[in-house]
Amino acid sequence: MTAPVPTPAEATEPTEAPSAPRRTFGLATATALVMGNIIGGGIFALPAAVAPYGTVSLLAFVVLSVAAVLLALLFGKLARRSPVTGGLYVYPRDAFGPFAGFLSAWSYWTMCWVSIAALAVAVVGYVDVLIPLHGNHALEGVVALAALWLPAAANFAGTRWVGTVQIVSTVLKFVPLLIVATVGLFFVHADNFGPFNASGDSAPGALAAAAALLLYSFLGVESAAVSAGEVENPERTVGRASVLGTLGSAVVYLLGTVAVFGLVPHDKLVKSGAPFADAVNAITGGGWGGTAIALVAVASIVGCLNGWILLAAQMPYAAARDGLFPKPFAKVGKGGVPGFGVWAVAVLGTLLIALNYTAGPDTTFRVLVLITTFTGCVPYLLSAAAQLYWLAQGTRERVRPPALVRDLIAAALSFAFSFWLIAGAGYAAVYQGVLFLFAGIPVYVWLRGRQREDATA
């Protein structure tokens with residue numbers, strides 16, 4: 001039997017977990033989960049993807065860093081009210097009812113498996129540095145699929161193993177990236193940066209377009225909130241882990257991107273498949289540095305996939321417990337991971353890679369990233385709207401009066417940033433994203449119809 005879906009009246013009460021979950025993520029692990037999911041394929045692949053816009057992309061990074069911290073604060077506040085697994089699904093559901101919760105869960109789940117496919121594609125450019133693939137699309141596809149399925153297999157071992165992998169992979173990639181982001185600054189050349197706006201569009205248009213791509217690099221700020229059911233003392237830990245992980249990632253991103261832009265000539269960066277490897281080669285004057293950073297990049301992206309696959313399984317798991325996702329998604333294996341959810345995202349990611357890879361890895365990565373911008377911003381918008389709803393109600397048990405202004409600003413700016421990023425994604429991404437979103441409506445109609453049939457039986 002599926003759990004009853006709360007009515008809008010019932011949904012105004014804080015969500016309680018149906019049973020006491022095993023909380024295996026402390027502050028360090030939760031922070032590593034946030035950083036591990038944020039710092040993945042983005043930092044290694046996006047400098048080249050946004051280079052055609054010019055150095056206005058660096059300004060876009062600053063804007064997004066501020067937005068990401070605001071989102072981290074937002075999710076921390078929302079997690080205090082609903083400290084359970086499912087985060088971005090739970091908040092809209094509690095505020096606006098089951099349909100809003102379903103749309104958020106469906107959109108986030110879509111973003112997850114599309115993002116997973118994009119991350120797997122991002123591995124290819126760095127594997128090519130280690131083992132030349134000679135532009136063989138079939139071989140590149142095999143590499144992308146291997147990068148997808150290896151961390152999927154690790155997830156079946158359980159959440160404890162996922163947390164361990166996240167800590168190891170985060171340290172493994174964070175230290176070398178920080179070295180590049182600091183040492184590399186001493187080797188930059190001003191001539192390499194290229195024009196401020198190389199897009200041919202207006203500066204505000206270029207800024208919005210670059211930001212829409214760069215949002216992909218900050219997806220994961222909500223990781224601790226989505227996994228709140230596995231976090232120790234989630235009312236405090238989720239917010240702290242979200243902010244700490246986001247701030248640490250933002251520092252690495254900003255310094256690292258400035259270093260790459262200043263180390264690799266603009267015309268070469270635009271065509272680069274492994275921009276960080278090219279940047280390290282510029283520092284060392286040879287190929288060994290690029291090989292080392294390529295190894296780090298592969299480990300980083302695979303570690304990031306490990307965390308994203310867990311999130312992609314947990315969101316529909318939370319919705320399925322309420323009858324708003326198919327029943328198999330609610331099944332949990334011995335390791336505490338929703339096994340069917342892992343299988344589902346792995347299979348869908350495989351199909352997406354197979355369908356799109358004929359366009360080439362660079363084109364595929366760009367298209368997938370823009371789709372994730374739309375599908376990722378929908379649950380951000382709905383979560384910000386949920387917080388604004390609670391603040392508008394102004395009841396003492398939901399709102400802390402001394403922090404009212406701060407919370408209101410964080411929620412309002414989070415909503416505005418999400419809306420702006422959707423607009424910057426472009427017509428094609430919004431069009432494809434809407435198709436993905438609306439494809440879920442028949443699923444919701446079927447599930448709700450079955451629930452009413454069971455209730456009257």
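# A guided tour of a predicted helical model

Begin by selecting Gly256, Val260 and Leu263 in α10, which meet Pro275, Phe276, Ala279, Ala282 and Ile283 in α12. By class, this contact of α10 with α12 has seven nonpolar residues, one polar residue and no charged residues. The model on display is a predicted one. Two packed helices are described by the angle between their axes and the distance between the axes. For α10 and α12, the axes come within 9 Å and cross at roughly 65°. The crossing of α10 past α12 is left-handed.

## The whole chain

Before going further, display the entire protein chain. It holds 18 helices and zero strands. The chain has 457 residues, and 58% of them count as buried. Among contacts in the protein chain with a separation of 6 or more, 85% are made by residues 24 or more positions apart. If a surface is now drawn, the accessible surface of the protein chain comes to about 17,500 Å², and 69% of that area belongs to carbon and sulfur atoms.

## Helix α12 and its second partner

Return to helix α12, which spans residues 275-284. Which residues of this helix are buried? They are Pro275, Phe276, Ala277, Ala279 and Val280. Select next Gly285, which follows α12 and has a positive phi, near 75°.

Helix α13, residues 288-321, also packs against α12. The angle between these two helices is about 145°, and their axes are 7 Å apart. Here α12 passes α13 in a right-handed crossing. To display the contact, select Phe276, Ala277, Val280, Asn281 and Thr284 in α12 together with Trp288, Gly289, Gly290 and Ile293 in α13. The residues of this contact divide into five nonpolar, four polar and no charged. Phe276 deserves a separate selection: it takes part in the contact with α10 and also in the contact with α13.

While α13 is selected, find Leu311, which is found in that helix. Leu311 is buried, with a relative accessible area of 0%. Then add Trp113: the C-alpha atoms of Leu311 and Trp113 are separated by 9.8 Å, although the two residues are 198 residues apart along the chain.

## The aromatic residues

Show the aromatic side chains next. The structure holds 17 aromatic pairs. One of them to select is Phe61 with Tyr253, whose ring centres are 5.7 Å apart. Why does this pair count as tilted? The planes of the two rings stand at 35°, and a tilted pair is one whose planes are neither under 30 degrees apart nor over 60.

Phe61 belongs to helix α3 (residues 56-81) and Tyr253 to helix α10 (residues 234-263), so the pair ties together parts that are 192 residues apart in sequence. Phe61 is buried at a relative accessible area of 3%, and Tyr253 is buried at 0%.

For a further aromatic selection, choose Phe99, Phe102, Trp106, Trp109, Trp113, Phe325, Phe329, Phe340, Phe436 and Tyr444. Ring pairs link these residues into a cluster. Trp113, already selected beside Leu311, is one of the members.

## Ala105 in helix α5

Move to Ala105, which lies in helix α5 (residues 98-130). Is Ala105 buried or exposed? Its relative accessibility is 0%, and Ala105 therefore counts as buried. Setting aside neighbours within four places in sequence, Ala105 is in contact with Tyr89, Met315, Ala319 and Phe325. Phe325 is also a member of the aromatic cluster. Tyr89 is 16 residues from Ala105 in sequence, and the two C-alpha atoms are 4.9 Å apart.

## Two further stops

Thr55 is placed in the loop between α2 (41-50) and α3. Thr55 is buried, with a relative accessible area of 11%. Apart from neighbours within four places in sequence, Thr55 is in contact with Phe193, Gly194, Pro195, Phe196 and Phe261.

Finally, select Leu370 in helix α15 (residues 361-393). Leu370 has a relative accessible area of 17% and is buried. Which residues does Leu370 touch, not counting those up to four places away in sequence? They are Ala212, Leu213, Ala425 and Ala429. Add Gly424 to close the tour: Leu370 and Gly424 are 54 residues apart in sequence, and their C-alpha atoms are 9.4 Å apart.

Methods. Residues are numbered from 1 along each chain as its sequence is written. This is a predicted model: local features need pLDDT of at least 70, side-chain atom pairs count only at pLDDT 80 or more; totals for chains, interfaces and linings use all residues. Side-chain values use heavy atoms; hydrogens and water are left out. Rings of Phe, Tyr and Trp (its six-membered ring) pair if their centres lie within 6.5 Å; planes under 30 degrees apart count as stacked, over 60 as edge-to-face and the rest as tilted. Helices (H or I, at least four residues) and strands (E, at least two) are DSSP runs, numbered from the N terminus. Buried means under 20% relative accessible area, exposed over 50%, partly exposed in between (1.4 Å probe, protein chains only). Axes are lines fitted to C-alpha atoms, for helices over the stretch in contact, and angles run from 0 to 180 degrees between N-to-C directions. A crossing is left-handed if the near helix is turned anticlockwise from the far one by less than a right angle, and right-handed if clockwise. Contact means heavy atoms within 4.5 Å. Ala, Val, Leu, Ile, Met, Phe, Trp, Tyr, Cys and Pro count as nonpolar, Asp, Glu, Lys and Arg as charged, and the others, Gly among them, as polar. Accessible areas come from the Shrake-Rupley method with a 1.4 Å probe; for residues, only the protein chains shown count as cover.
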